[in-house]
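Here are some short exercises to work through with the model open beside you. Try each task before you read its solution.

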Amino acid sequence: MAVADLNAATRPAPATPFQAALKDAALVALVAMALAGPIVGLQTVDRGGSLTVDARFAEVAVGIVIVFFGRLGLALSDRGLRLPSYGIAAGLAAAGFLLPWPTDLLGVLAIAAGAALVIRGLAGQYGAHRQSKAALATETDEEKADRLRRLFTRGLGFLLLAAAVLLPMMPFANSYILDTAIRVLTYMMLAWGLNIVIGLAGLLDLGYVAFYAVGAYTYALLSKDHGFGFWGALPLSGLFAASFGVLLGFPVLRLRGDYLAIVTLGFGEIIRIVLLNWTNFSGGPNGIGSIPRLTFFGHPFVRNAPEGVVPFHQLFGLDFSPLHRSIFFFYLILVLALVVNVFTIRIRRLPVGRAWEALREDEIACRALGINPTNTKLTAFAIGAMFAGFAGSFFATTQSFVSPESFTFLESAMILAIVVLGGMGSQLGVALAAILVIGLTEAFRGLAEYRMLVFGLGMVLIMIWRPRGLLSHRDPTILINSGKGVRP
Amino acid sequence: MDTAYLIQQLINGLTLGAVYALVAIGYTMVYGIIGMINFAHGEVYMVGAFLSLIGIIVMGLIGVTWVPLALLIVLILAMAITALYGWAIERIAYRPLRGSFRLAPLISAIGVSIFLQNYVQLAQGARPKPIAPVIRGGFELLTSEGGFAVTLSYLQIFIVVLTIALMIGFTYLITQTPLGRAQRACEQDRTMASLIGVDVDRTIAMTFVMGAALAAVAGMMVTLYYGVIDFYIGFLAGVKAFTAAVLGGIGSLPGAVLGGLLIGLIEALWSAYFSVEYKDVAVFAILVLVLIFRPSGLLGRPEIEKV
Amino acid sequence: MSRPLLTVEHLTMRFGGLTAINDVSFEAQAGHITAVIGPNGAGKTTVFNCLTGFYKPTVGRLTLTRPGSDQSFLLERLDDFRITKTAGVARTFQNIRLFTGMSVLENLMVAQHNRLMRASGYSLLGLAGWPSFRKAEAEAVEKARFWLNRTGLIARADEPAGSLPYGDQRRLEIARAMCTDPALLCLDEPAAGLNPRESAELNALLLMIRNDYGVGLLLIEHDMSVVMEISDHIVVLDYGRKIAEGTPAQIKANPDVIRAYLGEDDEAEGAVA
C-alpha cells in the first residue's frame with residue numbers, strides 16, 4: 001500500500017490500464033518477496049544450543065498473494081478503474097474472514113488490505129468531488145464552511161471536556177476504565193507538551209521520554225529521600241527537567257534540525273543507560289520503589305490511617321472505596337493536562353508563540369527580523385521538557401515505583417505518533433489522537449506485539465497521505481478584519 | 001603500563017572502527033545528496049546482520065562447507081537484499097515527501113525505523129541470536145612480560161582487508177564512473193543536474209542502495225565478530241555511525257572513514273580503561289562536543305547558507 | 001555634516017579561493033536611496049549578506065550610525081539577528097521569504113517581536129493578560145494596520161501570506177521589514193517579477209518610506225527604470241569590485257558602466273552569462 005506510484009515515473013507507455021496495473025502489482029509482489037522472503041520465511045530458532053532455521057514459506061507465499069492483490073486494487077483504483085478495485089477489496093475481505101489462514105495475522109492482513117482499499121477509493125472519490133465543488137465555491141460558501149468547521153471543533157472540544165469531567169461519576173466507571181482514562185490523559189498531556197516542541201516550534205525531539213524520566217526520577221528522589229510533598233516536588237521536577245532541556249538544547253539548537261533529532265534520540269537512550277547503571281543513584285534496573293503515594297492534601301486514600309491522620313473517606317464521611325484514589329488521580333491528571341492545553345492556547349497568541357511558528361516556517365527570515373533563533377527555540381524546548389517533567393512526577397506518584405523500563409524509545413515513539421497523527425500544532429487533533437491510539441492499543445491487547453509495527457507504518461502513511469494529521473486547519477492567532485472571533 | 005594490552009585494544013578498536021566506517025558512509029552519502037539524515041540506516045545495518053546470520057546458517061544446512069565460498073555467497077546475497085531494503089526505504093519514505101514540509105521525511109524515516117525494528121523482532125524473535133565462530137584462529141604477535149598475548153585474529157584481518165577493498169572500489173565508483181559523477185552533480189545542485197540530463201531520482205535511489213549494501217557488509221562483519229546479534233543492534237550502531245560521520249565531517253567520504261576508525265578506537269579504549277557500561281555515553285558525549293566545538297567535523301567544510 | 005548612516009570600508013569576501021567581493025567601499029545616507037547595481041554575479045547579494053550578518057566578511061569594516069544618536073555599530077561583529085534588533089538594519093530577500101502558513105497580519109506581528117517580547121514581560125505578563133501588554137499589542141496591530149493600508153493589503157490581512165499573489169507578497173515583505181523600525185532598509189531586487197503598474201506602485205512606496213521616515217534605503221535592482229527614477233546615489237559593482245559611483249546622471253554617462261553592462265568583447269560576455 002505504501003508503495004504508492006511505485007513505478008509511475010519509469011513506466012513505458014502501457015497497453016491497457018489493466019495490463020499496466022497487473023505489471024505494477026507483479027513487480028511490487030516480486031520486491032515484497034525478495035524483501036520478506038529471507039527475513040520472514042526463514043526463522044532462526046535455537047535448537048539444542050545452536051541456531052538452525054525453520055522455513056515458513058507457505059505464510060510468505062500467502063502474504064505475497066495478498067500484497068499482489070492489494071497492490072493490484074490500488075493500481076486499478078489509481079487508473080480510474082474503481083469498480084474492479086472495490087471488487088478486489090471485497091474479495092480480500094471475504095477471504096480474510098472465510099479462508100483457513102496459516103496464521104490469524106494473515107487473515108487480519110487481508111481484511112485490513114480490503115478495508116484500506118475501500119477507504120482509499122472512497123477518499124479519492126470524495127476528494128475529487130470536493131475539488132469539483134471547490135472550483136464553483138463562492139466566498140459565502142467558504143465562509144459558511146469555515147464557520148461550520150469552527151463550530152464543529154469547538155463543539156467537539158467542549159463535548160470531550162464534558163465527557164472527561166463526568167466520567168468518574170458514571171456507573172460503569174470501574175477501576176479499569178479509570179486507569180485507562182488516566183493513561184489516555186497522561187499521554188495526552190505528554191503529547192500536548194511535545195506538540196509545543198514539534199508542532200509549534202518545528203523541532204523534532206525524538207527523546208522526549210528522557211525528560212519524562214528526569215521528572216519521574218527527580219520526583220521519586222525528592223519525595224522519598226528528602227521528604228518533599230507532591231506540591232513541592234512537582235514544580236521542582238518540572239524545573240529540573242526544563243534545565244536538562246536547556247543543557248541539551250543549547251549546544252544543538254544552533255545547528256540544523258536533523259542534528260537535534262539524532263541528538264535527542266541518543267540522549268533518550270543515554271538517560272536510560274545511566275539510570276540502568278548508576279545503581280547508587282537510581283537503583284539500577286530495579287528502579288526506585290515505595291515512593292510516597294499522593295494524598296488528598298494530607299488525607300491519605302487508605303482504609304485505616306495511622307494515629308492522628310484522617311483518611312480521605314472519613315474526611316468526607318464516605319465509605320472507604322479504592323476507587324477514590326483513582327478518581328482523585330484522574331481529576332489531577334485532567335487538571336494537569338488542561339493546564340498544558342490552556343498554556344499552549346495562550347502562548348500561541350503571545351509574541352513568543354508566533355515566533356515559534358515563524359521559526360518553523362523560515363528561520364532565515366526570522367533572523368532578518370531580529371529574532372534570536374537559539375533562545376526562542378530553547379524556550380520551546382525547555383517548556384516542552386518542563387511539561388514532560390510534570391507528567392513524570394505524576395507518573396511517579398501514581399505508580400509509586402519508577403524503573404528504566406518505563407522510559408524506552410518506544411514511549412517516545414508513541415508520543416510522537418500521537419502528535420503526528422493528531423496534526424502538528426492542533427490541540428484538539430492531538431487529544432483525539434491520544435484517545436484513538438491508547439484506545440486502540442487497549443482494544444487490541446491481543447495483538448499488542450504488533451502495536452509498534454503498526455505505529456511505524458502509520459507514521460509513514462500519515463506523512464504520505466495527510467502530512468498535517470487528522471485536524472490540519474490552522475486558525476490565525478490574531479485577526480484584524482471582521483469582528484468574528486477576534487480574540488476569545 | 002602494559003603496552004601489549006594497549007596494542008591489543010588498538011587492534012580491536014580499529015576492527016570495530018572499520019564496521020562503523022562502513023555504516024557511516026551510508027549516512028554521509030545520503031546526507032550529501034539530499035541534505036537529510038537517513039534515520040532508518042541503523043536498522044538497515046541490523047537487517048543486513050540478520051540476513052548474514054540466516055545466510056550463514058542456511059549455508060551450513062545445505063552443505064556449503066568451504067568457508068570462503070560460503071561467506072562470499074552470503075555476502076553477495078546479504079548485500080543484494082539489503083540494498084533492496086535501502087531502495088524501498090527511499091521509494092516509500094523519502095521520494096513521495098520530497099516536496100513536503102521539512103520534518104516530513106524525517107518523521108517517515110523514523111516510522112520506517114520503528115517498523116523495521118519490530119518487523120525483525122516479530123519475524124525472528126526478540127532473543128539474542130548466537131552463532132558459532134566461522135573464522136577461527138589468528139596470529140600471536142607478541143607476548144608481554146606479564147604473560148599477556150597480543151593476538152591478531154584471521155577474522156580481524158578479514159574485516160580490515162574487506163573494508164579497505166570496499167573503500168578502494170567505492171572511491172573508484174564515486175570518482176571514475178558516470179554514476180559517481182551524477183551523484184556529485186546532484187550534491188552540488190539538484191535542479192541544475194536534472195536540467196543537464198542527470199536522472200536525479202535514480203541517482204538518489206542508487207545512493208540509498210549503495211549505502212545499504214555497505215551497511216550489509218558491516219552487518220555481516222558484526223555477526224561474525226561478536227557472534228551474537230539481536231533486533232535492537234541497529235539503534236546504537238546507528239547513533240554511533242552517525243557520530244562517526246559528524247566527527248569526520250558529514251558529507252565527506254574520507255571523513256566518514258576517519259570518524260568511524262576514531263569512534264571505534266575511542267570505544268575500545270574507553271571500555272578497556274574506564275567502564276564498559278558507559279561506552280555508549282562516551283560516544284554520545286563526543287557527538288555533543290563535536291557539535292558544539294566543530295560542527296563541520298574534522299574533514300568537512302563549513303556549510304554556507306544560501307540566502 | 002553628520003556621519004553617514006552606513007559606511008562600508010574595504011569590504012572583501014572570499015569563499016575558499018573565490019573572491020566574491022574585492023575591497024569595496026561606499027556610503028549610504030539616511031533619507032537617501034542608494035542603489036547597488038551590476039551584472040549578474042557582480043557580488044551585490046553578497047554585499048547584502050555581509051551587511052545583514054548572514055556572512056562574516058573576510059576583511060572590512062561596516063559601520064552603521066543611527067541618525068539622531070552618536071551610537072555606531074560595527075555590523076561585522078554582530079550576530080545576524082542583532083544587526084536587525086540593535087543596529088536597525090532590515091532586509092528583504094531575492095526569493096521572497098514570508099511565513100507562508102501564517103496570516104498577513106501575523107507576519108507583521110512577528111516583525112515586531114522584540115518590542116512585544118519586552119512588553120509581554122518575556123511572556124510572563126502576557127500569559128496573565130497584563131493590561132500593559134494588551135496596550136502594546138494593540139499598538140502593534142495599529143502599526144501593522146498602517147503598513148497594510150499603505151501597501152493596499154488590508155483587505156487580505158487575515159489570509160495566509162502564501163495565498164497572496166506575487167506582487168502583494170513583495171510588498172508585504174517590505175511592510176514586514178518596515179515593522180521592525182529600521183534605520184536602514186536593504187531591498188534585494190524588490191521589482192523582480194513585477195508588472196509595470198506594480199513597479200510604479202513600488203516606486204511610490206519606496207519614495208514614501210524615504211521621504212516620510214527618513215529611512216536610508218539600500219537597493220539591489222536590475223530594473224534600470226526603477227533604479228534611475230528613484231535613486232539618489234548609485235554604486236556599480238562588477239566582478240566584485242566597485243567600478244563607479246555617483247548620481248543616476250553620472251552613472252548613465254560613465255563609459256566603464258556601459259562596458260560592464262553591454263560587454264566590450266567576448267571575454268566580458270562570457271563573464272556576464
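**Exercise 1. A helix in chain C**

Work out how many of the 8 residues of helix α3 (residues 104–111) of chain C are buried, and find what these buried residues pack against.

Solution. Keep in mind that you are looking at a predicted model.
- Step 1: Apply the cut-off, under 20% relative accessible area for a buried residue.
- Step 2: Go along the helix. Helix α3 of chain C is mostly covered, with 8 of its 8 residues buried. Among them are C:V104, C:L105, C:L108 and C:M109, and the list also includes C:E106 and C:N107.
- Step 3: Look for the packing partners. Within chain C, the buried residues of α3(C) pack against α4 (113–119), α6 (131–151) and α7 (166–178). Chain A contributes α13 (351–361) to this packing.

**Exercise 2. One isoleucine**

Decide whether C:I251 is buried or exposed, and list its contacts beyond four places in sequence.

Solution.
- Step 1: Place the residue. C:I251 sits in helix α10 of chain C, which covers residues 248–253.
- Step 2: Compare its accessibility with the cut-off of under 20%. C:I251 has a relative accessible area of 2%, so it is buried.
- Step 3: Set aside neighbours within four places in sequence. C:I251 then touches C:I37, C:M228, C:I234, C:V236, C:A244, C:E245, C:G246 and C:V257.
- Step 4: Try a distance too. From C:I251 to C:E76, 175 residues apart along the chain, the C-alpha separation is 29 Å.

**Exercise 3. The build of chain B**

Determine how the radius of gyration of chain B compares with the globule rule for 307 residues, then describe the chain's interior and surface.

Solution.
- Step 1: Count the elements: chain B holds 11 helices and 4 strands.
- Step 2: Chain B has a radius of gyration of 20 Å, close to the 19 Å from the globule rule, so it is as compact as a globular protein of that length.
- Step 3: For the interior, 57% of the 307 residues in chain B are buried.
- Step 4: For the surface, about 12,300 Å² is accessible in chain B, and 68% of that belongs to carbon and sulfur atoms.

**Exercise 4. Where chains A and B meet**

Find which three residues of chain A supply 12% of the area it buries against chain B.

Solution.
- Step 1: Collect the residues in contact: 63 come from chain A and 65 from chain B.
- Step 2: Add up the area. The two chains bury about 5,900 Å² between them, 75% of it on carbon and sulfur atoms.
- Step 3: Rank the chain A residues. A:I39, A:Y259 and A:I262 supply that 12%, more than any other three residues.

Note on methods:
Residues are numbered from 1 along each chain as its sequence is written. Chains are lettered from A and ligands numbered from 1 in the order in which they are written. This is a predicted model: local features need pLDDT of at least 70, side-chain atom pairs count only at pLDDT 80 or more; totals for chains, interfaces and linings use all residues. Side-chain values use heavy atoms; hydrogens and water are left out. Helices (H or I, at least four residues) and strands (E, at least two) are DSSP runs, numbered from the N terminus. The radius of gyration is taken over C-alpha atoms; the globule rule is 2.2 Å times the number of residues to the power 0.38. Buried means under 20% relative accessible area, exposed over 50%, partly exposed in between (1.4 Å probe, protein chains only). Accessible areas come from the Shrake-Rupley method with a 1.4 Å probe; for residues, only the protein chains shown count as cover. Contact means heavy atoms within 4.5 Å. Buried area is the accessible area (1.4 Å probe) that two parts lose on being put together, summed over both.
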